[in-house]
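Hi,

Here is the model I promised to pass on. Have a look, and my notes follow below.

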Amino acid sequence: MKHKIGIPRALLYHKYHFFWEEFLRSLGQEVVVSPETNREIIGRGVNLAVDESCLSVKIYLGHVDYLKDKVDFVFIPRVVSLYKKENLCVKFMALNDIVRNTFDGIKILEYTTHVPTFRYDFIGLFGVGWQLTHNPFLVLRAIARAKKTQRQQLKRLLLEQEMRLKGSDKNLKILIVAHPYTTYDSFLGIPITSFLEKQGVELVFADLADEKETRELSKNISTDLYWTYNKELVGALEKYRKEVAGVIFIMTFPCGPDSLVIDLCQNKVNDLPIVVITLDELQGEAGLKTRLESFVDILKIRNERGVH
Ligand code: SF4
């Protein structure tokens, strides 16, 4: 049976959307993705979330609010851990409960990935597929297609980035270190990256680097990082630090894991200019642009003087 399944365009959507959309479509479902984040969606999220919540979760709730009456289910995977002895931020563990407690009677389609308890992706996805189709062959095919699509798309994006890095010696290169849900959100990261591109800067994105490689490289900065996604970003900083002129960390307020990890990186990486941009729902564009412009100017001056 065909259902309308909503996916909020927020948080892990930006990391796994190729996978999730292919999986659900291969099961014959109609996928409805909420629109790009805008002021109205943020307003909805801010009204619904507790004040202490990070801006990324507020935005997520705004997207769920947009979708909830337009679809049969809202798709909310619960990702607790992807590796043993590591976790994700607690917000991902609790996401389905946060949504359930925020919206009365909302219908959620969910599964849990928690590696130490042997709840791997496959088992969770199979459960979702079974719930929707009762056809094990269709589910197995959907999982295989989704994995292949995700792999191919990530490989393509990484290849494009590596080509850009090799091909453009003239442009100033800056590494953007941020979670994909910050980098690719139209309210959070996109105004920053488009502004930098207009300044003629070549951007390198930490989240595109190969996961296996970055996990290994992160050990050069810290051997006991606890949050998987932060570990990958730190490893990407290590991978690209010799190829870029500066680094921009972008975080949303108030993010515990990012504050700690950015502090750690600032202490350990002394050979590169770093700027930290913290975004909240009240951010003004003018101040942000001035900071970015000044940072780019500093990098240009260093470049002209041959400081590397
Ligand atoms: S890592 Fe930070 S920004 Fe991301 S969900 Fe957790 S608290 Fe929010």
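To start somewhere specific: in which helix is the place of Thr 149? Thr 149 sits in helix α6, where helices (H or I, at least four residues) are DSSP runs numbered from the N terminus. Before going on, the housekeeping: this is a predicted model, so local features need pLDDT of at least 70 and side-chain atom pairs count only at pLDDT 80 or more, while totals for chains, interfaces and linings use all residues. Residues are numbered from 1 along each chain as its sequence is written, and side-chain values use heavy atoms, with hydrogens and water left out.

Back to Thr 149, which is buried at a relative accessible area of 17% (buried means under 20%, exposed over 50%, partly exposed in between, with a 1.4 Å probe and protein chains only). Leaving aside neighbours within four places in sequence, Thr 149 is in contact with Phe 18 and Glu 22; contact means heavy atoms within 4.5 Å.

That leads to the α1/α6 pair. Helix α1 (residues 13-26) packs on helix α6 (residues 136-167) at an angle of about 150°, the axes being 8 Å apart. Axes are lines fitted to C-alpha atoms, for helices over the stretch in contact, and angles run from 0 to 180 degrees between N-to-C directions. The two are therefore roughly antiparallel (over 145 degrees; under 35 is roughly parallel, 65 to 115 roughly perpendicular, the rest oblique). Among the residues making the contact are Phe 19 and Phe 23 of α1 and Arg 145 and Gln 153 of α6.

The other pair I looked at is α3 with helix α4 (residues 90-102): their axes come within 11 Å and cross at roughly 45°. That makes α3 oblique to α4. Here Val 57, Tyr 60, Leu 61 and Val 64 of α3 meet Lys 91, Leu 95, Ile 98, Val 99 and Thr 102 of α4.

Now the inside. The largest nonpolar core (buried Ala, Val, Leu, Ile, Met, Phe, Trp, Tyr and Cys residues joined through side-chain atoms within 4.5 Å) has 72 residues, and Leu 196 and Ile 248 touch the most other members. Helix α3 (residues 55-67) gives the most to this core, with seven residues. A second, separate core of 26 residues includes Val 177, Leu 225, Leu 233 and Val 269. Beyond its neighbours within four places in sequence, Ile 248 is in contact with several residues, including Leu 196, Val 177 and Phe 295.

Cheers
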